[in-house]
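Trainee: Could you take me through one part of this model closely, starting with how two helices pack? Then follow the chain outward from there.

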Amino acid sequence: MDQLWHKHAIYQIYPRSFCDSNGDGVGDIPGIISKLDYLKDLGVKIIWLSPVYKSPLFDMGYDVADYYAIHEELGTMEDFDRLLAEAKKRDLRIVMDLVVNHTSSAHPWFQAALRGEAPYHDYYVFKKGKKKGVPPNNWTSMFTGPAWEYVPALDEWYLHLYDAAQPDLNWHNPEVLREVENILRFYLDKGVYGFRCDVINQIYKDSYADGKGHAPSGRGIEHYLMTEGNHRILRKLYEDVFSHYPEHVVIGETFNVDIPNGLRFLKENELDMFFTFEHMGVDRRLSGALAKKFKPEALREVLYRYQKEIPWNANYFENHDQHRSVNRFGSLKMHDESAKALAAILLTLKGTPFIYQGQELGMLDAPKKDPATSTDCATLAVYKLTRKMHLPKRFAYRICNRLDRDACRAPMAWDADEKQGFTTAEKAWLPFADDDGTHNVKTEENNANSVLNFYKTLLKLRQNRLELTEGSFDELPSNGSLFAYRRVVDTKAILVLVNLSPKAITLPPYLRHVDGQLLLESNAGSDPARLDGFGVRLLDVGA
């Protein structure tokens, strides 16, 4: 399996919320080191760290002020080097977050650019306005509002596809490419295994013409989403850097990716895998602001389509930007059953499964709150917009709480005490998740039927069966809430049956009495002709 390293499960850590080692209420790198044995025992092989770079934390690290320094609340570069060494001792590898569509406005490059200094002024996208007081075009930020900020001293506007505190880099400038390549080499030479590349399919702007329509966010996206220049830059990064490191992985966060571009990312040595977004919209409308009733068949249709069209992909149900999957796709009345059913799908689909910290416990979102108290800049921007539009307060709160990324960034639950074993501080940096005290590491480790132990069993099975890493994906006829498929290698096959609803279902006749060895079942001894609510059944059936 060593040559297939990137096909192992990847565990995402949001460092501020994982483990606090020094009692300041904020998770840190020494805290991560203290939990490496837990991750090895869980059965993951790769750890992806959300940004640990120096940052003013306007967007919680996705606004980098120094790519060569660690944020002081998280530790030091020496701590980071120790993390790499300790991970290596346990046969674990580290993937970093790479944020290069933009920097922080506090980055020295941008501060020099604001003074008009060469060469840094050309590191960013500065343009003259159409006329006095009017931006260069009508683009809107992904966080709502204009995508341009005026600089009186220069009589120019700079582009920010996200917040004004996150100015876009100018990828038309070869010096920007050179700087990013140096950053990559710096960390790869330290022993980092690879990078998860933030909004990497938006970095190259083909044109600065006006955008179509009147979207309050993302207007103009047709001029920068998955452009030809974007593909060219990614190939150049591979040729100049990644091709010289025999063991590496490059993972793309590719907003609104389609299948033709996804295939190009893989086939042309641009990415090893990429995150799709379509399945994250099956219970959402209007860019996530409004809810839509979740139907398992909608999720199945999207997942199966990508399984059949994409040779290898990054599979996930939650992360630092997406609310917890049990809250979205499961049932709080059948909490553990929901979490196990989602785990079974995630860990048996073709592709690399990504587990977000606490997902293996069935962690839930943090409680809803006043959006004005959020640490999430995107939520604050939307809340400001709802106030400007004079929307009813209750409706505004509902929209903002549905979007608020604080909900999924709640601290990791290590035990059942008041501070969940995360910190000794009087107060953690964010409120803890909703829970009854049973979904934490200490409690679940001692419960053979827990979500945590179900994940461990599935991960071990996945590591020991080539069908689940190398096998083809064979869709089987399904309807309603049933997920039915086979993973096949040569003469070996594993049949996966999952009911993603609270009601028991009668299996189609061809599945009621399959001749095969039972590998895993979430409800032992259940009727072979039926599948319990949020039930799971895996069988060794041969090809």
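**A helix pair and its surroundings**

Mentor: Start with orientation: α3 and α5 are oblique to each other. This is a predicted model. The two helices, α3 (residues 77-89) and α5, pack at an angle of about 55 degrees. Angles under 35 degrees would count as roughly parallel, and 65 to 115 as roughly perpendicular. The value of about 55 degrees falls in neither range, so the pair is called oblique. The axes of α3 and α5 lie 10 Å apart.

Now the residues that meet. From α3 come M77, F80, D81 and L84. From α5 come F186, Y187 and K190. By class, this contact has 5 nonpolar residues, 2 charged residues and no polar ones. An α-helix has 3.6 residues a turn, so residues three or four places apart point the same way. Keep that in mind when you look at the positions on each helix.

Stay with α5, because its next role is as a cover: α5 (174-190) is among the elements that cover the buried residues of α6. Helix α7 (259-267) is another of them. Helix α6 itself runs over residues 228-240. Its 13 residues reach 18 Å from first C-alpha to last, close to the 18 Å expected at 1.5 Å a residue. Which residues of α6 are buried? They are G229, N230, H231, I233, L234 and L237.

Next, the strands. One open sheet has 3 strands in the order β6-β8-β7, with antiparallel pairing. Its edge strands are β6 (126-127) and β7 (148-151), and each pairs on one side only. Strand β7 is joined to β8 (residues 156-159) by 4 bridges, and the two run antiparallel. In that pairing, W148 has L159 in β8 as its bridge partner.

Further along, look at β17 (residues 482-489). The strand is mostly covered: 7 of its 8 residues are buried. Strand β17 has pairings to follow with β16 and with β18. Strand β16 (residues 472-475) joins β17 through 4 bridges, running antiparallel. S472 stands opposite V488, and F473 has R487 as its bridge partner. These two strands form a hairpin with 6 residues between them. In that turn, G480 has a positive phi of about 60 degrees.

Then β18 (residues 492-499). Here 8 bridges join it to β17, again with the strands antiparallel. L482 stands opposite N499 in β18. The hairpin of β17 and β18 has 2 residues between the strands. In this hairpin D490 takes a positive phi, near 50 degrees.

Finish with one residue, L461. It is placed in helix α14 (residues 451-464). Is L461 buried or exposed? Its relative accessible area is 15%, and buried means under 20%, so L461 counts as buried. Leaving aside neighbours within four places in sequence, L461 is in contact with L468, L519 and L538. As a distance reference, take L57: it is 404 residues away from L461 along the chain, and their C-alpha atoms are separated by 39 Å.

Terms used. Residues are numbered from 1 along each chain as its sequence is written. This is a predicted model: local features need pLDDT of at least 70, side-chain atom pairs count only at pLDDT 80 or more; totals for chains, interfaces and linings use all residues. Side-chain values use heavy atoms; hydrogens and water are left out. The expected span of a helix is 1.5 Å times one less than its number of residues. Buried means under 20% relative accessible area, exposed over 50%, partly exposed in between (1.4 Å probe, protein chains only). Contact means heavy atoms within 4.5 Å. Axes are lines fitted to C-alpha atoms, for helices over the stretch in contact, and angles run from 0 to 180 degrees between N-to-C directions. Angles under 35 degrees count as roughly parallel, over 145 as roughly antiparallel, 65 to 115 as roughly perpendicular and the rest as oblique. Ala, Val, Leu, Ile, Met, Phe, Trp, Tyr, Cys and Pro count as nonpolar, Asp, Glu, Lys and Arg as charged, and the others, Gly among them, as polar. Two strands pair if DSSP finds at least two bridges between them.
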